[in-house]
Amino acid sequence: TCYSECIVNEKFTCESIYILINCMSDSELAEECATIVLQMAEAVSPTCVAMAITELGHSKGTITAPLLEEMIKKYGPDTMPVESVVEYANRCLQCEDEQARSAAIRLIVSVHEVVGDRIKPWLSSDLKAVSYTHLTLPTICSV
């Protein structure tokens, strides 16, 4: 019973996240929907919510990367699926939308602030040479 409840809750969470993220495209609803997503992370499971977000297409990167960034900072690497979050950011970096790419860079910087050099294996190979410098500069500048 407990196992089936968990599956039902995860399925409901994933479907709800999808609906909320789509609603966030409307600027009037964006803040309220973001709040609900973060409340779901608190109530259900940050891992479940993060995985639901990373399953979305990267076309929503402008909306979803800041949510993941906030969750990484709040819950840390032991609770969050860091590798999946970085893979999602890598996909967002490949898209045409400049805002989504900027949001993905901020997300990767936030992950780097939390996990340090452990992020290196998760960065896509074409990003390591160029982007790793960008990850260390904010850290150096903040000191």
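This report describes the fold, core, selected residues and cysteines of a predicted model.

## Overall architecture

The chain contains seven helices and zero strands. Followed along the sequence, the elements give the pattern α-α-α-α-α-α-α. Of its 143 residues, 41% count as buried. The chain exposes about 8100 Å², and carbon and sulfur atoms supply 57% of that area.

Contacts within the chain often link distant parts of the sequence: among those between residues at least 6 apart, 64% join residues at least 24 apart.

## Confidence of the prediction

The average pLDDT of the chain is 77, and 77% of the residues score at least 70. Confidence is highest in helix α6, at a mean of 89, and lowest in helix α7 (residues 125–142), at a mean of 51.

At the start of the chain, residues 1–8 have a pLDDT that stays under 50. For this stretch the model has zero contacts beyond four places in sequence. Where pLDDT is low, the predicted coordinates should not be read in detail.

## The nonpolar core

The largest nonpolar core comprises 37 residues. Within this core, I17, V49, I53, M71, M80 and V111 touch the most other members. Helices α1 (2–23), α2 (27–43), α3, α4 (61–75), α5 and α6 (98–115) each supply at least two residues of the core.

I53 illustrates how such a residue is surrounded. Leaving aside neighbours within four places in sequence, I53 is in contact with I17, V37, T64, L67, L68, M71 and Y88. Two of these partners, I17 and M71, are themselves among the core residues that touch the most other members.

## Helix α3 and T54

Helix α3 spans residues 46–54. Seven of its nine residues are buried, so the helix is largely enclosed by the rest of the structure. The buried residues of α3 are P46, C48, V49, A50, A52, I53 and T54.

T54 lies in this helix and has a relative accessible area of 5%, which places it in the buried class. The side chain of T54 reaches the backbone oxygen of M51 at 3.0 Å. Beyond neighbours within four places in sequence, T54 is in contact with L68, S84, V85, Y88 and R91. L68 and Y88 also appear among the contacts of I53.

## N22 and N90

N22 is located in helix α1. With a relative accessible area of 29%, N22 is partly exposed. Its C-alpha is 9.2 Å from that of I63, although N22 and I63 are 41 residues apart in sequence.

N90 belongs to helix α5 (residues 82–93). N90 counts as buried, at 9% relative accessibility. The C-alpha atoms of N90 and W122 are 8.8 Å apart in space, while the two residues are separated by 32 places in sequence.

## Cysteines

A search of the whole structure finds zero disulfides. A disulfide is a covalent bond between the sulfur atoms of two cysteines. For C23, the closest cysteine sulfur is that of C33, at 4.9 Å, which is too far for a bond. The cut-off applied to such a sulfur pair is 2.5 Å.

Two of the cysteines can be placed by their accessibility. C23 is partly exposed, at 28% relative accessibility, whereas C48 is buried, at 9%. C48 is also one of the buried residues of helix α3.

Notes. Residues numbered from 1 in each chain as written. Predicted model: local features only at pLDDT ≥ 70, side-chain atom pairs only at ≥ 80, totals over all residues. Heavy atoms only, no water. Buried < 20%, exposed > 50% of the residue type's maximum accessible area, 1.4 Å probe, protein only. Helix = DSSP H or I, 4+ residues; strand = E, 2+ residues; numbered from the N terminus. Polar contact = N/O pair within 3.5 Å; in protein donor to acceptor, adjacent residues only side chain to side chain. Contact = heavy atoms within 4.5 Å. Areas by Shrake-Rupley, 256 points an atom, 1.4 Å probe, with all protein chains shown as cover. Core = buried A, V, L, I, M, F, W, Y, C linked by side-chain atoms within 4.5 Å. pLDDT = per-residue confidence, 0-100.
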